[in-house]
Each structure stands twice: as C-alpha cells, then as structure tokens.
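Got the viewer open? Let's take a walk through this one, a stop at a time.

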Protein chains: 2
Amino acid sequence: MSSSVERKRIRKTPEARRAEIVEAAARVALTEGLECVTLRRIAEELSVRPGLISHYFPSAEDLVAEAFAVAATGELDSLLPAERPHGTPVQYLARYFALSAGEAYDDISRLWINARHLSRYRPVLRDRVAEQELASDDRLEGLIREGVERGEFRTDDPRAAAIQILVVLDGLGAHANTDRSNRPEAVTRMAVTTAERELGLAAGALTETPLPVVAD
Amino acid sequence: MSSSVERKRIRKTPEARRAEIVEAAARVALTEGLECVTLRRIAEELSVRPGLISHYFPSAEDLVAEAFAVAATGELDSLLPAERPHGTPVQYLARYFALSAGEAYDDISRLWINARHLSRYRPVLRDRVAEQELASDDRLEGLIREGVERGEFRTDDPRAAAIQILVVLDGLGAHANTDRSNRPEAVTRMAVTTAERELGLAAGALTETPLPVVAD
DNA sequence: GATGCTATTGAGTGTGCGACCAATAAGCAA
DNA sequence: TTGCTTATTGGTCGCACACTCAATAGCATC
C-alpha cells in the first residue's frame with residue numbers, strides 16, 4: 001500500500017530555506033524554549049527531514065544562537081522601536097513599560113532567562129546574548145538621549161540610567177516562570193519608579209501619558 | 001586478572017545514603033548546574049551504581065528539586081544568617097551586599113538563573129523555587145523588621161522593601177554568565193543604593209560599616 | 001525533452017538520559 | 001555461626017539527541 005507518507009520534495013533556494021529555518025527556530029525558541037530548538041523539532045515544524053537542518057546548520061549550537069538573536073531582535077523592535085515617528089520619548093518609554101507589564105512580555109522574559117542560563121554552556125549563544133544586551137542598552141540609551149535633548153528627561157549619564165532601568169526589568173522578569181500574584185504594588189511599579197527617578201520625571205509622568213500608536 | 005574494578009559494596013543506612021546523595025547533588029547543582037544532576041553523574045560522584053540513585057529517588061526530577069533546595073538554603077544561611085548574634089542589622093545587611101558583590105556569589109546567581117529557567121518545564125522544581133523565594137523574602141524582611149525596631153532602618157513596609165532589594169539583586173545577578181566588566185559604577189551599586197533609599201539610610205551607611213564576623 | 005547541478009532525503013552511528021528489575025551480598029540479629 | 005532482610009548491583013530497554021554521507025530527485029537551463 002505504500003501508506004508511508006512520502007511527501008513530494010519541495011526544493012527552495014538556499015537563502016529562502018535558511019530564512020525559513022531561522023524563522024521557525026526563532027518562533028520555537030520564543031514559545032517553547034531554546035532547548036526545543038533541535039534538528040528534529042525544527043525539521044518537523046517545516047515538514048522536512050532533520051538532515052536538511054544539519055545541512056544548513058552543521059552545528060546545532062549555531063542555530064540555537066541564531067534563533068535567540070532573531071527572536072530577541074524582533075521583540076526589542078516591537079517593544080522599543082528604533083524609529084519613533086509617532087510620539088515623544090516620554091510616550092515611547094511609557095509604552096515600553098506598559099508592554100513590559102503585559103502578559104506577552106512573559107514570553108520575552110522567559111526567553112532571556114533561558115538564554116542567560118544556556119549561555120553558561122554554549123559559547124556561541126553567550127556571544128549572541130552579550131550582543132543583544134548591548135543592543136538593548138543602546139536602544140534605551142538612545143531614547144533617553146533623545147528625551148534629554150528635547151528637555152523631557154534630565155540625567156547626566158543616559159547610559160547608566162538605561163542600564164539601571166534594564167536591570168530592574170531583568171529582576172522583575174526573573175520570576176516569569178513563577179507565581180507573582182501577591183507582589184506588593186511598590187514592586188510591580190519598580191521599573192516605572194526607577195525610570196521616573198533616574199530621568200528626573202514627576203511621579204506618574206510615565207503612567208498617565210497617552211501612548212503612541214505603533215503599527216505592527 | 002579480573003581487572004574489572006569490582007569494588008566492595010558498602011552498605012549504609014537509608015538515611016545516611018540518602019543524605020549523602022542529596023549532598024552530592026547539591027554540590028553538583030551549585031558548581032556544574034542542575035542539568036548535571038543526573039542519575040549517572042551523582043552515582044559516579046559517590047562511586048555507586050546509577051540504579052542506587054534511582055532506588056532513593058524513583059523520579060529524577062525529585063532529586064534535582066531537592067538538590068536545588070538544599071543548595072539554595074545553604075547559600076541563604078551563609079549570606080544572611082537566621083541567627084545574628086554578632087552584629088547589628090546594618091552590619092549584617094552590609095555584609096550581605098559585600099558578599100553579593102564577590103566572586104562566589106556568581107555561583108549562586110547561576111544556580112538561581114538555572115532553577116528559574118528549568119522550573120519552566122519541571123513542576124516539582126518550580127514549587128521548590130517558589131518556596132526558596134519566599135524563604136529569601138522572609139529572611140530579609142526579618143532583618144529589616146529587626147532594624148526598624150532598633151531604629152536603624154525606617155520604612156513602613158518592610159516586606160516591600162525586602163522584595164525590592166531582592167529584585168535588584170536578581171537583576172544584577174541575571175548576568176552572571178555574561179561579561180559585566182564595563183558596568184557603570186552606579187549600576188554596580190544599585191543594590192546598596194536601593195537599600196539605603198528604601199530603608200531611610202544615609203548614603204554610604206551600608207558600605208562604610210565594619211562587618212560582623214560570622215563563623216563557618 | 002534531455003541534462004546537470006545541488007537541495008533534499010533516508011539510513012545509520014554513537015552518546016546520554018531515565019526507568020525498570022532480578023540477582024547478589026552486606027551486615028545485623030538470632 | 002547461620003539466616004534473613006534489604007541495600008546495592010548489573011544489565012537491559014526505549015527514547016531523544018547531534019552528526020555523517022551516499023543516494024535521490026526537483027528544477028532551471030539548454
């Protein structure tokens with residue numbers, strides 16, 4: 001009967017196939033975790049054979065690192081866009097904190113915890129994590145600098161302010177896999193509080209602001 | 001020749017053997033990571049057969065969770081003792097931050113990242129992590145309450161203050177597997193700064209204090 | 001419609017893992 | 001010393017993983 005599902009091969013250009021693989025890997029990384037980014041899992045995701053994934057990524061570690069980088073970059077862009085034509089720095093910062101309090105942000109927190117842990121054992125991933133950390137620092141520093149120029153923020157070390165805010169967000173995100181239901185209000189607000197303090201803003205300046213509308 | 005290394009069996013009481021296993025697992029967890037706490041690895045550590053570990057921990061997940069709990073409890077006790085006969089709350093808090101800046105603290109940070117990540121997939125571990133988190137919160141809250149009673153600290157919500165300090169420490173510790181060499185000074189000092197602010201202390205109160213001597 | 005390049009498959013290797021269980025022997029008690 | 005309880009072994013099973021490579025077939029080109 002030959003009931004074995006011998007599907008028709010679909011032959012794509014290396015560029016297209018590679019992109020497809022990385023995209024699938026990033027999706028799996030974000031939703032299921034970096035250890036689920038295996039040759040078999042990604043192959044199944046794309047309905048191809050595991051050997052094909054090996055062909056494009058002779059070392060699986062490279063695929064994992066790439067998956068993280070793509071996922072992290074995508075999330076950063078959506079949380080804190082590089083181009084900000086639709087509002088003021090205060091508005092974009094407020095939007096950032098609003099998003100970081102939402103449910104979807106848990107996936108990102110989980111991804112970062114995942115990557116930071118896994119990079120203990122995987123040098124290639126470790127480099128990518130450091131790279132993405134720098135990118136986050138730079139992005140937020142840029143926003144802060146813009147705000148300072150416009151007279152919205154006040155700080156004499158935008159980068160230190162940026163990193164401090166991100167450290168607080170990391171600390172809050174560290175519990176993404178645990179229950180956080182009975183967290184004191186002061187804790188939930190820590191990121192905003194830190195930002196308002198470090199940027200010389202009035203209390204509430206970041207929570208009582210209309211958010212810019214950003215297209216997907 | 002019978003060169004096969006058939007060692008003599010050593011038969012111990014279940015309590016002793018179990019304790020030995022947990023101790024070894026905790027050590028491996030702290031130094032090598034929780035995913036290295038495998039039946040085979042711990043058996044090798046104790047020069048016994050893997051089957052024996054299975055005998056005491058029919059589910060390997062339980063051993064991993066136990067290893068984390070024991071390691072975390074031990075570290076908490078050494079960083080922030082429950083009994084504090086050798087100094088004032090200010091001194092013990094200062095000692096805590098001094099230790100948390102040291103090299104050895106990286107192992108603890110790594111362990112926590114590891115556990116927080118792994119608890120994504122392992123319910124038993126997740127419960128233990130939540131438990132240890134509560135223990136840390138409680139311990140620091142207790143110290144703060146004592147300090148408030150003695151008039152050393154000033155806060156109207158000791159628990160919120162404790163958690164905020166711990167969130168900052170988590171945020172700083174999140175990078176334990178990454179390079180942190182060019183961190184701004186303001187960032188390195190964040191934990192102390194947060195504590196001084198939340199506890200109504202003068203700047204420097206926690207870094208210019210003689211530390212209590214604590215026996216090992 | 002035939003040809004050539006190469007993307008893709010299929011099959012196999014070796015490793016490490018948790019789990020299971022009958023056989024064995026350590027060491028205590030009689 | 002003998003016997004018994006049970007801690008411990010040794011071996012096995014099934015699974016998932018990364019990695020390798022010769023064979024195959026899609027598809028662009030002629």
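Start by selecting the protein surface near DNA strand C: its residues divide into eight nonpolar, four polar and nine charged. (Ala, Val, Leu, Ile, Met, Phe, Trp, Tyr, Cys and Pro count as nonpolar, Asp, Glu, Lys and Arg as charged, and the others, Gly among them, as polar.) What you see is a predicted model, where local features need pLDDT of at least 70 and side-chain atom pairs count only at pLDDT 80 or more, while totals for chains, interfaces and linings use all residues. To find your way, residues are numbered from 1 along each chain as its sequence is written, chains are lettered from A and ligands numbered from 1 in the order in which they are written, and side-chain values use heavy atoms, with hydrogens and water left out.

**DNA strand C**

Stay with this strand. In total 21 residues surround it, the closest being A:Arg11, A:Tyr56, B:Arg9, B:Arg11 and B:Ala60; "near" here asks for a heavy atom of the residue within 4 Å. Of the strand C atoms that come within 4 Å of the protein, sugar and phosphate make up 70%.

Now zoom in on B:Arg9: an N or O atom in its side chain is 2.6 Å from a base oxygen of strand C. Next, click A:Arg49, where a polar backbone atom is 3.0 Å from a phosphate oxygen of DNA strand C. Each is a polar contact, meaning a pair of N or O atoms within 3.5 Å; within protein, one must be able to donate a hydrogen and the other to accept it, and residues adjacent in sequence count only if both atoms are side-chain atoms.

Which element gives the largest share of the surface near DNA strand C? Colour H3(A), which supplies four residues. Helices are DSSP runs (H or I, at least four residues), strands are runs of E (at least two), and both are numbered from the N terminus.

**DNA strand D**

Hop over to strand D, which 22 residues surround, with A:Arg9, A:Arg11, A:Arg40, A:Ala60 and B:Tyr56 the closest. Sugar and phosphate account for 67% of its atoms within 4 Å of the protein. Pick A:Arg9 and you'll find a polar side-chain atom 2.6 Å from a base oxygen of strand D. The side chain of B:Tyr56 puts an N or O atom 2.8 Å from a phosphate oxygen of DNA strand D. H3(B) gives the most to this surface, with four residues.

**Where the chains meet**

Hide the DNA and look at chain A alone: ten helices, zero strands. Bring chain B back, and the contact (heavy atoms within 4.5 Å) takes 35 residues from each of chain A and chain B. Together they bury about 3,000 Å², 63% of it on carbon and sulfur atoms; that is accessible area (1.4 Å probe) lost when two parts are put together, summed over both. On the chain A side, select A:His117, A:Arg120 and A:Asn177, which lose the most area to chain B, together 20% of what that side buries. Twelve residue pairs are in polar contact across the interface (both at pLDDT 80 or more). H8(A) gives the most to the chain A side, with eight residues.

**The axis**

Last stop: a 180° rotation with 0.0 Å of shift along its axis superposes chain A on chain B (RMSD 0.0 Å), by least squares on the C-alpha atoms of residues with pLDDT of at least 70 in both. The two copies are therefore related as by a two-fold rotation axis. To spot it from chain A, click A:Gly171, whose C-alpha is the nearest in that chain, 1.8 Å from the axis.
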